[in-house]
Amino acid sequence: TSGLPGTLDPRERLGSHRRRKKPPPMAQPARIERPMTFLGELMYEWTEMGPRFETVITTVLHFDKVVDRKLVEAIIHERLLVFDRFRSIVKLNARSHTHKWTPLERVKMGYHLVEHRLPPPGTRKELEAFISRTYSEPLDPNHPLWRFYIVPLAGHKCAVVTRIHHSVGDGVTLVQVMLSLMGRAEAKKQPRVMKKRRPVSWVQTLANPLRFSSRCFQFAAGVAKGFAYPLRPQDTPNPLKIPSIAQLTTGRRVACGTSIPLQLFKTAGKRMDGTINDMIVATLTATLRRYLLTHDARLFADGTKAPRISVLFPFNMRYGRIDVSDPKQFGNQFTLLPLDLPIHERDPIRIMLAAKQCCDEIKESPMAFIITALNKLAMTLLPAKWYHALTFACLEKSTGMFTNVPGPKKPMLLAGQVVTDLMFYVPALASCTFSVMSYDGSVRFGVMTNQGGKLDPNELTSFFHEEFHRLHDASKGLQPRVRRPEASPWNWA
């Protein structure tokens, strides 16, 4: 056997597998129609605006051998369709003018699992072109909003491309769903966008007047930033930013760079008394600075005024482990926060320390809760047209979007085959999105651009790889001297 609980052994005969007693196609509780979350409503309404605003999360799994389609289909039946979102279609509630999930009696696997042949020579270049081309293709609303492609590659290799609509779930839930298909214990653990630290008791906080006053100031600053979020200034015009979301096109391009050992990120992060995420943000900052210097050096011509560059990143609003089998915990539960990058810094060490400081301010701020409350209030009170206009105006202020997902630490298996590489691309109403995925001891950096071919994602992935090694070499002169904060100011107890 494969040694993984619940994983199908590829040496099993399919006939014996089919003779097993199958569970009923749909359990009684799953037939309940469930409303969408407010973020799910937002994602689905964007899709209804046209292919330029398509919000589909694409995941790419690579294999050294071609996977068996029948085994993949059997795993989907046994492990994916237990989640009612993957058996449900979206219908409009005529009374409340909102959408709801309505389960189907049967799911047509002929639509959801297909094989696709790439044009020769069938390498990663053709695969990325296929992903770019299909990204703007809408999913059929008459079927559940997901689709899997089995794509043979050159050298008898294979890739499985999954397309799941963002209204089905966010990155936290969908990562766990994908891991559950592979039958690993890691599927029960919750990946986090930002590492949460052990809180200190309120007694320890009150016992130190300096710490107490500092946390009160940080808390007040976070509240002020949260309420002022819709009024924050625009980023400096630059080659990576589009002036208006109306200028988005369907000409998306994706690229994934060479993997970097995760241990190098850990080592460099410890040297600056930071985390892996701090080092990733520092590398992203150095990458964007180099790209802007290459394509528009005039941004840095005035030494007294540095360009303002920020990215939006999803902040997970959940705490502790979640059970994705519970429909109430499934869905989109995050908020987008702006992260101002220290793009003005030249020295590699100053870039790393400034990036760490930016991340620490986000972790210790209640801004996420303020923005979430304002978002829900605006969606409740404003007409849909006004709400979308306000949302677009806020999204247009940032240059792009950045997502960092911690993946499995060990190799995974699907249909008896080892997943040799794993990457994802997230949708965003921006000209470029940056995806970072850790898997099997390596970090992968992916880029999706949306400017009709004006931006080359391969140039950005190449810069990321080179800038990381430059920062890593510079970090050898750092020694951790400052103890990292242990708690958020709003979590004293």
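Start by selecting strand E5 (113-115) and strand E6 (residues 146-153) in this predicted model. The two run parallel, with three bridges joining them. Want one pair to zoom in on? Pick Val-114, whose bridge partner in E6 is Tyr-149.

Stay on E6 for a moment. How many of its eight residues are buried? Seven are, so E6 is largely enclosed by the rest of the structure.

Now widen the selection to the whole sheet around that pair. Six strands make up this open sheet, and you can walk across them in the order E5-E6-E7-E2-E14-E13. The pairing along the way is mixed. Which strands sit at the edges? They are E5, where you began, and strand E13 (412-414), and each of these pairs on one side only. Turn the view as you go across: from one strand to the next, the twist averages 35°.

Next, add helix H6 (residues 171-182), which packs on this sheet. Among the strands that H6 touches are strand E2 (56-63), strand E7 (157-165) and strand E14 (417-425). H6 also touches E6 and E13, and its direction makes about 70° with that of E13.

Time for the other sheet on this tour. Select E1, E4 and E3, in that order: these three strands form an open sheet with antiparallel pairing. Strand E1 (34-35) and strand E3 (88-93) are the edges, each pairing on one side only. Color E3 and strand E4 (residues 98-103) to follow the six bridges that join them as they run antiparallel. For a single pair here, show Asn-93 and its bridge partner in E4, Thr-98. Then bring in helix H2 (residues 38-48), which lies across E3 and E4 and runs at about 95° to E4.

Let's move to the nonpolar interior. Show Leu-288, Phe-402 and Phe-434 as sticks: in the largest nonpolar core, which has 69 residues, these three touch the most other members. Which helix gives this core its largest share? That is helix H10 (residues 276-295), with nine residues. Center on Leu-288 and look for the residues it touches farther off in sequence, beyond four places: Leu-240, Ile-309, Leu-341, Ile-343, Phe-434 and Leu-460. Apart from this core lies another one, of 68 residues; to find it, select Tyr-111, Val-151, Cys-256 and Leu-422, which are among its members.

How about the cysteines? The count of disulfides comes to zero. Take Cys-359 as a case: the nearest cysteine sulfur belongs to Cys-358 and is 6.8 Å away, and Cys-359 is in no disulfide. Is Cys-359 buried or exposed? Its relative accessibility is 0%, so Cys-359 counts as buried. Cys-394, at 10% relative accessibility, counts as buried too.

Finish by coloring everything by confidence. The mean pLDDT of the protein is 82, and 84% of its residues reach 70 or more. Where does the value drop below 50? One such stretch is residues 185-200, which has 52 contacts in the model beyond near neighbours in sequence. Another to select is residues 1-30, where pLDDT stays under 50 and the model has 44 contacts beyond four places in sequence.

Notes
Residues numbered from 1 in each chain as written. Predicted model: local features only at pLDDT ≥ 70, side-chain atom pairs only at ≥ 80, totals over all residues. Heavy atoms only, no water. pLDDT = per-residue confidence, 0-100. Contact = heavy atoms within 4.5 Å. Core = buried A, V, L, I, M, F, W, Y, C linked by side-chain atoms within 4.5 Å. Buried < 20%, exposed > 50% of the residue type's maximum accessible area, 1.4 Å probe, protein only. Helix = DSSP H or I, 4+ residues; strand = E, 2+ residues; numbered from the N terminus. Pairing = 2+ DSSP bridges. Axes fitted to C-alpha atoms, helices over the stretch in contact; angles between N-to-C directions. Disulfide = S-S within 2.5 Å.
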